[in-house]
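This report goes through one protein model for a reader at the bench, with the sequence and the coordinates at hand. Please keep both in view while reading.

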Amino acid sequence: MDEFDRQAPANAWLLLADESSWPTPQTPAGMRENTDSLGLDNLWTAPIDGAPGDLALLYFIAPIKAICFVARIADHPFWSDEIKVNALAPVGSQQWWASLTPLIEIEPIPFADIQATQEKTLVLRGRTGKPLSSASLARLEFKAVNPDQQEQLQQTIRGGAIVRHFVIALNSDVYSDDSPAVDLVRVTAEGYDHPITHIEPAGDPRAFDLIKSFVDEDRNYTVRQAVGMFGVRGMYREVSGHQHLS
């Protein structure tokens with residue numbers, strides 16, 4: 001991932017799969033069979049126009065009908081009629097293929113959520129590799145199944161992000177930096193004046209619901225704006241840093 005995490009993906013693609021190609025520790029390569037002798041790993045059918053660094057969103061057409069994994073395309077797609085596609089329904093062997101970076105499993109993003117970002121009906125059949133615009137991508141919410149991978153997930157999707165974690169809190173005494181503070185929410189952003197990219201409760205579910213409503217409405221909603229909602233009692237701290245009054 002090192003060669004991609006400093007650059008934003010030029011394109012995003014929906015790669016189609018089904019339950020037979022669901023990645024497991026025993027079959028991490030997913031959408032392929034009989035490729036061990038070819039020295040290939042984590043290989044998936046890919047669009048001919050795909051390129052290294054492009055975002056790959058693995059959409060499972062059955063039975064879940066949702067995006068379930070995220071990765072980057074790791075090399076230029078190549079043509080082969082010797083690789084058997086791992087799929088439930090018969091699929092022709094004449095396909096374009098590309099290796100992917102390690103997959104990050106996410107909470108499923110259902111078809112309805114994807115369709116809601118489109119101006120026209122989204123048809124997910126035929127060859128894999130359906131393009132997804134940056135505007136559509138920005139309207140989808142990505143959450144890693146493993147919370148420890150959330151930062152890596154954001155870097156995979158956005159590229160180049162310097163991710164920082166903040167706790168927004170309520171100070172009970174604005175005249176003392178040492179006074180007890182009540183933690184409200186934990187947020188992730190590139191910086192204090194940058195948009196919030198992830199939010200989770202840290203003690204007050206009402207504050208979480210309130211700030212999340214603003215983040216959902218405005219993708220440019222910053223940490224500073226969230227702290228400012230609580231006036232002089234609002235404060236924040238970086239997870240490994242010091243506390244600051246707003």
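The text below takes up the sheet, the helix that lies across it, the cores, the aromatic pairs and one buried aspartate. The model is a predicted one.

**The sheet**

An open sheet of five strands is present, with mixed pairing and the strand order β7-β4-β3-β1-β8. Its edges are formed by β7 (104–110) and β8 (130–132), each of which pairs on one side only. On average, and with direction ignored, neighbouring strands of this sheet are turned by 35° against each other.

Three of the pairings can be set side by side, each with a pair of facing residues.

| Strands | Sense | Bridges | One residue pair |
|---|---|---|---|
| β1 (residues 12–17) and β3 (residues 55–60) | parallel | six | L14 with L57 |
| β3 and β4 | antiparallel | six | A56 with A71 |
| β4 and β7 | antiparallel | four | V70 with I104 |

Between β3 and β4 the chain forms a hairpin with five residues between the strands, and in this hairpin K65 takes a positive phi near 55°. K65 is not a glycine, although its phi is positive.

How many of the residues of β4 are buried? Seven of the seven residues of β4 are buried, so this strand is largely enclosed by the rest of the structure.

**The helix across the sheet**

Helix α3 (residues 150–158) lies across β3, β4 (66–72) and β7, and runs at about 75° to β4. Within α3, the residues Q150, L153, Q154, Q155, T156 and I157 are buried, and what covers the buried residues of this helix includes β3, β4 and β7, together with α2 (134–138) and β11. Just after α3, G159 takes a positive phi of about 75°.

**The nonpolar cores**

In soluble globular proteins, nonpolar side chains tend to be buried together. In this model the largest nonpolar core has 21 residues, and those with the most contacts inside it are L14, L57, I67 and F142. The strands β1, β3, β4 and β7 and the helix α3 each supply at least two residues of this core. L14 and L57 have already appeared above as bridge partners. When residues up to four places away in sequence are not counted, I67 touches L14, L57, L58, Y59, I106, E107, P108, I109, I114 and L140. Apart from this core lies another one, of 18 residues, among them F166, I168, Y192 and Y221.

**Aromatic pairs**

A pair of aromatic rings is described by the distance of the centres and the angle of the planes. With ring centres within 6.5 Å taken as the criterion, the count comes to seven aromatic pairs. The rings of W79 and W96 have centres 5.7 Å apart and planes at 65°, and this pair is edge-to-face because planes over 60 degrees apart are classed in that way. W79 belongs to strand β5 (residues 78–80) and W96 to strand β6 (residues 95–99), so that the pair links distant parts of the chain, 17 residues apart. Both tryptophans are partly exposed, W79 with a relative accessible area of 44% and W96 with one of 26%.

Y192 and Y236 form a stacked pair, with 4.2 Å from centre to centre and 20° between the planes. Y192 lies in the loop between β10 (181–189) and β11 (196–201), whereas Y236 is in strand β12 (residues 234–238), so this pair ties together parts that are 44 residues apart in sequence. Both Y192 and Y236 are buried, and Y192 is also among the residues of the core of 18 residues. Elsewhere, ring pairs link W22, F60 and F69 into a cluster.

**A buried aspartate**

Is D204 buried or exposed? D204 has a relative accessible area of 16% and is therefore buried, the cut-off being under 20%. This aspartate is found in the loop between β11 and α4 (205–217). A polar atom of its side chain lies 2.9 Å from the backbone nitrogen of R206. Leaving out residues up to four places away in sequence, D204 touches D183 and L184.

Terms used. Residues numbered from 1 in each chain as written. Predicted model: local features only at pLDDT ≥ 70, side-chain atom pairs only at ≥ 80, totals over all residues. Heavy atoms only, no water. Phe/Tyr/Trp six-rings, centres within 6.5 Å; stacked < 30°, edge-to-face > 60°. Buried < 20%, exposed > 50% of the residue type's maximum accessible area, 1.4 Å probe, protein only. Pairing = 2+ DSSP bridges. Axes fitted to C-alpha atoms, helices over the stretch in contact; angles between N-to-C directions. Contact = heavy atoms within 4.5 Å. Polar contact = N/O pair within 3.5 Å; in protein donor to acceptor, adjacent residues only side chain to side chain. Core = buried A, V, L, I, M, F, W, Y, C linked by side-chain atoms within 4.5 Å.
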